[in-house]
Amino acid sequence: MRTRLGELGHDEAAKTVVIRNISTLDRTFYVPNAVQRHFTSAEDGGAIPEALTYRSKAIAMFQRQDGTDICLFCMYVQEYGDGDVKGSLSSSTSSSHPHNRRMVYISYLDSVEYFRPRTARTEVYHELLVAYLDWSRGRGFDAAHIWACPPQRGNNFIFWCHPQHQRTPSRERLTEWYRAMVARATATG
């Protein structure tokens, strides 16, 4: 993040940003009976398992403004690993299904528009996602899914409320935002 802000000419802002993993929990998703009855694994023709284990994380970005660390961005991720993924659930406890094995899901992300300088905000938020995807790949994950559905005005995914003047993106605008992020990830390898 600091390198990217430096590239954008914002060396002073780079000194104010901190990324924190604020929560890591090992979780189990119990597959509903209806899903188990109606679907089978395309890979082996077998049944969908009763439960899938994953690691849930909350990753946040803070910026020190006027002497106070302010949380401006947060994302929730789910990591479905296997024994070959560094930092994932061990193979003895993992019941990853072939469709979820070595997969990360960025289930929610949210931000408030107070990043300084404002002109670097989109680049900074893109860089957070690009860095997370690169870090995940380095740990052995093969694919990622991103939930790309904007909230309805008044509904909030992570932050309890947003400034009244902050716009909620349309589905088309949010999709373009993610496509620009993927283009940045592709360009950086």
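Q: What makes β2 a mostly covered strand in this model?
A: In this predicted model, 13 of the 15 residues of β2 are buried, where buried means under 20% relative accessible area, and on that count the strand is described as mostly covered.

Q: Why are β2 and β3 called paired strands, and in which sense do they run?
A: Pairing requires at least two bridges between two strands, and β2 and β3 are joined over 11 bridges in the antiparallel sense, so the criterion of at least two is met. Among the partners are Ala 58, which stands opposite Tyr 76 in β3, and Gln 65, whose bridge partner in β3 is Thr 68. The two strands form a hairpin with two residues between them, and Asp 66 in the turn has a positive phi of about 50°.

Q: How do you know that β1 pairs with β2, and that β3 pairs with β4?
A: The same kind of count applies, with a threshold of at least two bridges: β1 and β2 pair in the antiparallel sense over 13 bridges, including the one between Tyr 30 and Ala 51 in β2. Eight bridges join β3 (residues 68–80) to β4 (residues 103–111), and these strands too run antiparallel; in β4, Tyr 105 stands opposite Gln 78 and Met 103 stands opposite Tyr 80.

Q: Why do β1 and β5 count as edges of the sheet?
A: The sheet is open, with five strands in the order β1-β2-β3-β4-β5 and mixed pairing. β1 (17–30) and β5 (143–146) each have a single partner strand, so one side of each is left without a neighbour in the sheet. Neighbouring strands of this sheet are turned by 25° against each other on average, direction ignored.

Q: What makes α4 a helix that packs on the sheet?
A: Contact means heavy atoms within 4.5 Å, and α4 (residues 121–138) touches β1, β2 (51–65), β3, β4 and β5, while its direction makes about 35° with that of β3. The buried residues of α4 include Val 124, Leu 128, Leu 129 and Tyr 132, and the buried residues of this helix pack against α1 (2–7) and α5 (171–187) as well as against β1, β2, β3 and β4.

Q: How do you know that the length of α4 agrees with the span expected of it?
A: At 1.5 Å a residue, the 18 residues of α4 should span 26 Å, and because its end C-alpha atoms are 26 Å apart, the two values agree. The helix is followed by Gly 140, whose phi is positive, near 110°.

Note on methods
Residues are numbered from 1 along each chain as its sequence is written. This is a predicted model: local features need pLDDT of at least 70, side-chain atom pairs count only at pLDDT 80 or more; totals for chains, interfaces and linings use all residues. Side-chain values use heavy atoms; hydrogens and water are left out. Helices (H or I, at least four residues) and strands (E, at least two) are DSSP runs, numbered from the N terminus. Axes are lines fitted to C-alpha atoms, for helices over the stretch in contact, and angles run from 0 to 180 degrees between N-to-C directions. The expected span of a helix is 1.5 Å times one less than its number of residues. Buried means under 20% relative accessible area, exposed over 50%, partly exposed in between (1.4 Å probe, protein chains only).
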